[in-house]
Amino acid sequence: MTTTPIGRSAELQGRYTPLPDEIDAVGLPVEGALPPELTGRYVRNGPNPLPGEQTPHLFTGHGMLHGVRLRDGRAEWYRNRWVRTGALEGRPFLSESGVDLTAVPANTHVIEHGGRLFALVENGLPYEVDGELATVGPCDFGGRLTTAMTAHPKTDPATGDLHFFGYSPFPPFLTHHRLSADGRDLVSREVAVAGPTMMHDFAITAEHVVWLDLPLTFQWERMATGMPFGWDEGYGARLGVMRQDDPACTVTWFDVDPCYVFHVGGAWTDDAGRVVVDGARYAPADVAVMWGTPVPGDPAALAAATGAARMHRWVLDPRDGSVAETALEDRGVEFPTIDESLVGRPSRWRYAIADRGVRGERAGAVVKVDADGTLTAHELGPDVVAGEAVFVPSAAPGRAEDDGWLLTITTTRDGAASQLLVLDATDVAGAPVAAVTLPRGVPSGFHGSWFPDGLRPRE
């Protein structure tokens, strides 16, 4: 199977076609019935170069937020806004003066913390935005944040603290940060690693931080590609477990089979004290296809690779240093999500999206993966692709883990049309609860969040 490496210019067409402008639309058509509990804003981030602008890689396009306002069973508005960053103004990220952490695209995620909304990208500072999607400006938390901030921070559901990290091609290569629930106190500590890698995600448990030290490493010779990371067979692959309360940031490392992981799908400490990590794992041959980087290996395996990730589980035992790895399912998936009230705790369900079927055929879907790997899918057919599915819990007392809804923006492969799809998370394979027709095709992007009404800065 021939697959174009992700992010190359050939992919900035069809469902990746950038939008030329910002619009507002009101009174959006709704099929089905929007649950009244869904009163708030769904906002999704993604790259969108300016009209006529050449970008070497999809991942480097300027951040554009797409928002849909739901209230009392109505879809009140859709709007899209570029994040007004230093990069959008034309400032260089790297110059003779050094690195400008505000000259970044802010194109990967959008989150809430301490009553503030932030657009994120992993190579720079967060950009604060407001509920109407207007840019407030870059944030360094009162001068305390001096590294980049990952686009995948984790909120501890018990403390409300935000754990995140920054990685860099220059020392220190990795720094762990812990931001208090009110956003006022930041503790930062360097974590020792062997070199500069593309650490896109990480995990936490109730007691630990879990690092993904994998062999996509920074390589100067790849700068012209827009994403200067390539496979380094000699770097090795390992996961690291670090206690959150260890001021020395001592990490216990576990060698794992070579792979790459963009996104973790949950982690926890089990009753035996083992750390369990689920994630969307790319085998080396799939990295070669997906990233377009040379990877040594069996020619037959490389020829058969589809470039897709598959849900995988690692069980790390600090008592004896052992690792157990298990493939959870066969269908290629990405963007795994969970009920965020269970971050770092045991959970049963993972939600993800698929672009193809088990045989590699075009088949867009939203999928639900049980802890044992059983997969249920809401099939969208060959011509529609889903974006990340965000779980929104119901307000029912004593609700089940999957009692809630999945929100995702779907886009036709030609990029012509999009919907905000609402699925019943207890019955993913069933008919949609509702579908909001958006006024334009929304380019396939990255990550989003649901912001319910009533968010206020914490005192």
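Okay, one definition before we start: when I say helix, I mean a DSSP run of H or I that is at least four residues, and helices are numbered from the N terminus. Also, keep in mind that what you're looking at is a predicted model.

So, let's go to helix 1, which covers residues 284-291. Right after it comes G292, and the phi of G292 is positive, near 70°. Now, is helix 1 largely enclosed or largely open? Seven of its eight residues are buried, so helix 1 is largely enclosed by the rest of the structure. If you want to click through them, the buried ones are A285, D286, V287, A288, V289, M290 and W291. And what covers them? The cover includes strand 18 (216-218), strand 19 (229-231), strand 22 (260-269), strand 23 (275-282), helix 2 (299-304) and strand 24 (310-317).

Let's stay with strand 22 for a moment, since A267 lies in it. A267 has a relative accessible area of 4%, and buried means under 20%, so A267 counts as buried. Which residues does A267 touch, leaving aside those up to four places away in sequence? You'll find A203, I204, T205, V276, V277, G344 and R345. There's also L342: it sits 75 residues from A267 in sequence, yet the two C-alphas are 9.3 Å apart in space.

Next, aromatics. A search of the whole structure turns up 15 aromatic pairs. Take F59 and F262: their ring centres are 6.3 Å apart and their planes are at 80°, so we call this pair edge-to-face. F59 lies in the loop between strand 3 (40-47) and strand 4 (63-71), while F262 is in strand 22, so the pair ties together parts that are 203 residues apart in sequence. Both F59 and F262 are buried. Another edge-to-face pair is F165 with W211, with 5.7 Å from centre to centre and 85° between the planes. This one links distant parts of the chain too: F165 is in strand 13 (residues 162-167) and W211 in strand 17 (residues 208-213), 46 residues apart. F165 and W211 are both buried.

Back to F59 and F262, though, because they belong to one aromatic cluster, together with Y260, Y282, W291 and F446. You've already met W291 among the buried residues of helix 1.

Rings can have charged company as well. The charged end of R79 sits over the ring of W77, 3.8 Å from the ring's centre. R238 does this with W253, at 3.7 Å from the centre.

That brings us to charges. Side chains of opposite charge can pair when their charged atoms come close. How many salt bridges does this structure hold? There are 29. One of them joins the side chains of R440 and D21, at 2.6 Å from N to O. R440 lies in the loop between strand 34 (434-437) and strand 35 (448-452), and D21 in the segment before strand 1 (24-26), so this pair ties together parts that are 419 residues apart in sequence. R440 is buried, at 15% relative accessible area, whereas D21 counts as partly exposed at 31%.

Two more to look at. R71 bridges to E76, with the closest N and O atoms 2.9 Å apart; R71 is partly exposed at 32%, and E76 is buried at 18%. Then D245 and R243 meet at 3.0 Å, N to O. Here D245 is exposed, with 52% relative accessible area, and R243 is partly exposed at 39%.

And some salt bridges join up: D24, R41, R69, R79, R81, E132 and D453 are linked in a network. Yes, that's the R79 whose charged end sits over W77.

Last stop, the surface. Which residues make up a nonpolar patch there? They are L94, V99, F170, W220 and M223, and together they have about 460 Å² of accessible area. V99 is partly exposed, with a relative accessible area of 38%, and it lies in strand 7, residues 98-99.

That's my tour. Questions are welcome!

How values were computed: Residues numbered from 1 in each chain as written. Heavy atoms only, no water. Patch = residues over 30% accessible without salt bridge, like charges linked within 9 Å, V, L, I, M, F, W, Y side chains within 5 Å. Areas by Shrake-Rupley, 256 points an atom, 1.4 Å probe, with all protein chains shown as cover. Salt bridge = Lys/Arg side-chain N within 4 Å of Asp/Glu carboxyl O. Helix = DSSP H or I, 4+ residues; strand = E, 2+ residues; numbered from the N terminus. Buried < 20%, exposed > 50% of the residue type's maximum accessible area, 1.4 Å probe, protein only. Contact = heavy atoms within 4.5 Å. Phe/Tyr/Trp six-rings, centres within 6.5 Å; stacked < 30°, edge-to-face > 60°. Lys NZ or Arg CZ within 6 Å of the ring centre and 35° of its normal.
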